[in-house]
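Hi,

Here's the structure I said I'd pass on. Have a look at it first, and my notes on what turned up are below.

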Amino acid sequence: MACTFRNWRKWIRPLVVILYIVGVLVAIPLCVWELRKSQVGTHNKAWFTAGIFVFMTIPISLWDILQHLVHYTQPELQKPIIRILWMVPIYSLDSWLALKYPHIAIYVDTCRECYEAYVIYNFMNFLLNYLTYQYPNLVMLLEVKDQQKHLPPLCCCPPWHMGEVLLFRCKLGVLQYTVVRPVTTIIALICELIGIFDEGNFSFKNAWSYLVIINNVSQLFAMYCLVLFYKVLRSELNPIQPVGKFLCVKLVVFVSFWQAAFIALLVKVGVISDKRTWDWESVEAVATGLQDFIICIEMFFAAIGHHYSFSYKPYIQEAEEGSCLDSFFAMWDISDIRADISEQVRHVGRTVLGQPRKTNVTAEEEHNEHTSLLSSASQDLNSETSSLPPSPMGYYQGFGRTHAALAPHDIDDLPTEKENEDALTSVPSNSS
């Protein structure tokens with residue numbers, strides 16, 4: 001069969017493998033040449049060692065992303081997964097570049113920290129998209145459940161009412177981190193430029209200490225909302241095995257944050273001091289370099305965890321359609337995020353002004369990969385059906401369930417109301 005765009009699933013994977021091999025054959029000689037050109041010190045050794053892990057990590061993540069694009073059969077579930085899988089390559093490359101060029105670390109770390117919030121948001125999207133299509137009346141499902149009390153350390157707070165209130169506040173708790181983290185990152189960048197950031201120094205005379213506290217509180221509350229949401233809907237989420245996925249996301253985000261705080265504490269107590277900075281310019285640069293080096297190693301194990309937790313295999317279908325470009329461009333579509341933020345702002349505004357939330361019971365909304373996730377809670381509670389994701393065979397293979405979509409000729413064959421009445425009235429006459 002000729003290599004055409006129609007059979008792109010056949011040749012895209014060998015092409016990626018070839019490109020990666022060529023990249024490795026070019027990168028390794030360049031790294032060796034760089035080491036031989038300069039005097040090999042601790043800094044360069046650390047950078048080269050970290051590079052080995054980076055070049056082992058990226059193929060695993062890119063292969064998983066490629067497989068999801070090849071078998072892009074359930075966009076509502078796979079789009080958040082692909083966004084989450086990009087976290088490992090971004091973390092790896094960012095840390096590797098920051099390790100080599102410490103003076104640009106503050107700039108490249110800005111991208112990493114913003115994407116961190118984006119990953120948590122997409123994980124919440126993944127859970128809600130699954131629940132929305134498996135349980136169309138999600139709000140009603142929550143309302144009939146027993147009241148869930150808050151978990152420690154918020155166990156003394158009044159519980160959130162089951163139903164739309166709980167759903168809205170859990171989503172709001174996650175979404176606030178996607179706003180707070182980029183804002184604090186930009187503030188940190190500005191403070192670094194004017195010389196008052198002083199990263200890694202625990203002192204209330206610099207901006208870093210305040211921003212760490214704000215980010216930590218915001219991040220912990222976002223994770224708390226995710227845990228509370230899972231505790232309420234544990235049985236409904238069990239088919240997609242969310243614990244492993246949650247741990248993969250949580251460990252990468254939390255470990256990278258807390259190990260940075262721990263390294264800063266080592267600097268503060270003098271374990272890492274000016275007495276030995278190796279090839280770095282200052283003790284702060286040593287702390288940043290150590291953090292970047294550890295992340296490069298950790299991401300290799302994170303890529304393996306993502307490979308098994310966010311596998312593409314549940315999305316393989318016998319007859320798959322769609323072009324390569326459609327799958328690729330769908331990966332970069334962020335219209336759902338814009339719609340979510342817009343809907344959340346309107347909802348908060350109506351709550352502050354004391355206006356009731358508007359619902360449209362006359363028009364039927366279309367639920368697809370571009371539909372606002374945060375507006376799903378306002379669906380008609382009396383609806384018994386929901387739109388299903390497109391599938392080549394007319395099936396939506398949910399985890400543990402398979403839904404069949406009726407074809408037009410099947411709908412025409414259904415008995416009409418008049419025929420049903422005639423059938424009922426004909427029963428007594430036949431018996432007589």
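**What I found**

About 23,200 Å² of the chain is exposed, with 65% of that supplied by carbon and sulfur atoms. Keep in mind that this is a predicted model.

On the overall build: the chain contains 15 helices and 2 strands. Of its 432 residues, 46% are buried. If you take the contacts between residues at least 6 apart in sequence, 78% of them join residues at least 24 apart.

Now for the inside. The search gave 3 cavities of 30 Å³ or more, and the largest has a volume of about 540 Å³. It is lined by 30 residues, and the ones closest to its centre are Arg112, Glu113, Glu199, Trp208 and Ala260. Which elements give two or more residues to that lining? They are α5 (105-134), α7 (164-194), α8 (207-232), α10 (242-269) and α11 (283-309).

The lining of this largest cavity is a mix by class: 14 residues are nonpolar, 8 are polar and 8 are charged. Arg112 and Glu113, two of the residues closest to the centre, fall within the 105-134 range of α5.

That helix deserves a few words of its own. α5 runs for 30 residues and spans 44 Å from first C-alpha to last, close to the 44 Å expected at 1.5 Å a residue. α5 is also mostly covered, with 25 of its 30 residues buried.

Cheers

Key
Residues numbered from 1 in each chain as written. Predicted model: local features only at pLDDT ≥ 70, side-chain atom pairs only at ≥ 80, totals over all residues. Heavy atoms only, no water. 1 Å grid on protein atoms, 1.4 Å probe; cavity = no way out; pocket = protein on both sides within 12 Å on 5 of 7 lines; lining within 4 Å. Points joined across faces, edges and corners; volume = space filled by probe spheres on them. Helix = DSSP H or I, 4+ residues; strand = E, 2+ residues; numbered from the N terminus. Nonpolar A, V, L, I, M, F, W, Y, C, P; charged D, E, K, R; others polar. Expected span 1.5 Å × (residues − 1). Buried < 20%, exposed > 50% of the residue type's maximum accessible area, 1.4 Å probe, protein only. Contact = heavy atoms within 4.5 Å. Areas by Shrake-Rupley, 256 points an atom, 1.4 Å probe, with all protein chains shown as cover.
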